[in-house]
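Biologist: I am new to this structure and would love a guided look at one part of it. Could you take me slowly through a helix of your choice and then show me what surrounds it?

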Amino acid sequence: MERCPCCNARLGGAAQCPRCQADLGNMIAAEQSARFWLSKAIRHWQDKEAGQSASAVALSLRLKKTGLALVFRDFLIRQQCREILALLAQKQLLSAKQRLYSVRNLFPHSQLLQQLNSFTDHLLVQNQ
């Protein structure tokens with residue numbers, strides 16, 4: 001954090017604002033925790049643990065929404081969509097639906113996942 005969210009004074013790394021004396025310790029700790037969880041998310045992705053990666057990036061975003069975390073979240077969503085589409089292409093509809101359900105729990109507001117869910121439901125109804 002470079003500037004105080006209360007008075008916009010430059011902080012210079014201080015945990016207390018030199019101008020308004022606001023205690024910023026908790027905000028700084030939240031930023032550090034967000035960076036920690038984002039790095040864990042990236043490590044989980046490197047270890048091919050998509051579910052844990054998604055959980056970690058979601059936690060990071062709850063602590064602080066950074067551009068990098070948002071881009072990584074969108075990357076994970078697209079990657080999971082490709083895997084779900086591959087399952088649908090192989091006619092593994094229930095496996096695709098289960099994977100989609102777990103991913104949508106982590107990213108409930110994703111329009112892409114909502115559209116994929118509708119498409120999967122359509123295929124399941126047609127298959128019955």
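Modeller: Happily; here is a walk that starts with helix α1 and moves on to other parts of the model.

Please keep in mind that this model is predicted. Let us begin with the length of α1. The helix covers residues 25-46. At 1.5 Å a residue, its 22 residues should span 32 Å, and the end C-alpha atoms are indeed 32 Å apart, so the expected and modelled spans agree.

Next, look at which side chains of α1 are tucked away. E31, A34, L38, A41 and H44 are buried. Viewed down the axis of α1, these buried residues fall within an arc of 145°, so they line one face of the helix. The spacing has a simple background: an α-helix has 3.6 residues a turn, so residues three or four places apart point the same way. Turn α1 to the face away from its buried side and you will meet the exposed residues R35 and Q46.

Now for the aromatic rings, of which the whole structure holds four pairs. One of them joins F36 and W37 in an edge-to-face arrangement, with 5.2 Å from centre to centre and 80° between the planes. F36 counts as partly exposed because its relative accessibility is 40%, and W37, at 27%, is partly exposed too.

Another pair reaches from α1 to a second helix. The ring centres of W45 and F75 are 5.2 Å apart and their planes meet at 80°, so this pair is edge-to-face. Since W45 sits in α1 and F75 in helix α3, the pair ties together parts that are 30 residues apart in sequence. Both rings are partly exposed: W45 has a relative accessibility of 33%, and F75 has a relative accessible area of 28%. W45 and F75 also belong with F72 to one aromatic cluster.

From α3 we can step to the largest pocket, which holds about 240 Å³ of space. Helices α2 (50-63) and α3 (67-89) each supply at least two residues of its lining. The largest share, three residues, comes from α2. Among the lining residues are A58, L61, R73, I77, F107 and H109. Sorted by class, the lining of this pocket has six nonpolar, two polar and three charged residues.

A brief stop at R99 brings in helix α4, which spans residues 93-106. R99 is partly exposed, with a relative accessible area of 30%. Its C-alpha atom is separated by 9.4 Å from that of L87, although the two residues are twelve residues apart along the chain.

Finally, set α5 beside α1. Helix α5 takes in residues 111-127, and at 1.5 Å a residue its 17 residues should span 24 Å; its end C-alpha atoms are 24 Å apart, which agrees. Here the buried residues are L113, L116, N117, T120, L123 and L124. Seen down the axis of α5, they fall within an arc of 125°, so they line one face of the helix. Look at the other side of α5 and you will find Q111, V125 and Q126 exposed.

Notes
Residues numbered from 1 in each chain as written. Predicted model: local features only at pLDDT ≥ 70, side-chain atom pairs only at ≥ 80, totals over all residues. Heavy atoms only, no water. 1 Å grid on protein atoms, 1.4 Å probe; cavity = no way out; pocket = protein on both sides within 12 Å on 5 of 7 lines; lining within 4 Å. Points joined across faces, edges and corners; volume = space filled by probe spheres on them. Helix = DSSP H or I, 4+ residues; strand = E, 2+ residues; numbered from the N terminus. Nonpolar A, V, L, I, M, F, W, Y, C, P; charged D, E, K, R; others polar. Phe/Tyr/Trp six-rings, centres within 6.5 Å; stacked < 30°, edge-to-face > 60°. Buried < 20%, exposed > 50% of the residue type's maximum accessible area, 1.4 Å probe, protein only. Expected span 1.5 Å × (residues − 1). Arc of directions from axis to C-beta.
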